[in-house]
Amino acid sequence: MEYDVVIVGGGPSGLATAIRLKQLEKVNGKPLSVCLLEKGSEIGSHILSGNCLDPRALDELFPEWRKMESRPPIDTPVTKDEFHILLNDKRQISVPYQLLPSTIHNEGNYLISLGNLTKWLEKQATELGVEVLPGFPADQLIIDDKNNLRGIITGDMGISKS
């Protein structure tokens, strides 16, 4: 199969890349075929569940996401931060919030299921025309004689190694 762009991996960054490419297609008026391959049986099946989400990237990808009819599954804002250093199973040290670097502060962030967010992103991608193909692990790169990446070969899933 031929595509202009093949993205390997159906996690948040792969899905966001596919979505952004299709958004740019509309802006530029030039057709772009985009395919996203995911080794898992479905999008989100290889995603760890819990996440503290900084919504800045989502704000850039979907500036109106908070007002969308089909909103992403983001409903639980962080209300409190605590940082503890565990010394052993009985002792800990609480670090005062004011001493923590700003990169650890979670004001404006949300507690989410990352698996549910990737499923929502998949829906947005397919609505924009991305062809999402779960169950296709990338196995080998196809590189031409000038060392340019020309494509990929997918591998088999569910086949015994014996």
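Reader: Is Ile85 buried, partly exposed or exposed in this model?
Author: Happy to start there, keeping in mind that this is a predicted model. The relative accessibility of Ile85 is 38%. Buried would need a value under 20% and exposed one over 50%, so Ile85 counts as partly exposed.

Reader: Which strand holds Ile85, and which residues form a nonpolar surface patch with it?
Author: Ile85 belongs to strand S5, which covers residues 83–86. Together, the patch has about 380 Å² of accessible area. Besides Ile85, its members are Phe83, Leu87, Ile93 and Ile104.

Reader: Thanks! Which are the edge strands of the open sheet with the order S3-S7-S4?
Author: That sheet has three strands with antiparallel pairing. An edge strand pairs on one side only, and this applies to strand S3 (50–53) and strand S4 (76–77). S4 is joined to strand S7 (residues 110–113) by two bridges, and the residue in S7 opposite Thr76 is Leu111.

Reader: What angle does helix H3 make with S7?
Author: Helix H3 spans residues 114–128 and packs on the sheet. There, H3 touches both S3 and S7. Its direction and that of S7 make an angle of about 75°.

Reader: Moving on to Gln140, which residues is it in contact with, leaving aside neighbours within four places in sequence?
Author: Gln140 sits in strand S9, residues 138–143. Its relative accessibility is 44%, so Gln140 counts as partly exposed. With those sequence neighbours left aside, the contacts of Gln140 are Gly151, Ile152 and Ile153.

Technical notes. Residues are numbered from 1 along each chain as its sequence is written. This is a predicted model: local features need pLDDT of at least 70, side-chain atom pairs count only at pLDDT 80 or more; totals for chains, interfaces and linings use all residues. Side-chain values use heavy atoms; hydrogens and water are left out. Helices (H or I, at least four residues) and strands (E, at least two) are DSSP runs, numbered from the N terminus. Buried means under 20% relative accessible area, exposed over 50%, partly exposed in between (1.4 Å probe, protein chains only). Contact means heavy atoms within 4.5 Å. Two strands pair if DSSP finds at least two bridges between them. Axes are lines fitted to C-alpha atoms, for helices over the stretch in contact, and angles run from 0 to 180 degrees between N-to-C directions. Patches are made of residues with over 30% relative accessible area and no salt bridge: like charges are joined within 9 Å, nonpolar side chains (Val, Leu, Ile, Met, Phe, Trp, Tyr) within 5 Å. Accessible areas come from the Shrake-Rupley method with a 1.4 Å probe; for residues, only the protein chains shown count as cover. A salt bridge is a side-chain nitrogen of Lys or Arg within 4 Å of a carboxyl oxygen of Asp or Glu.
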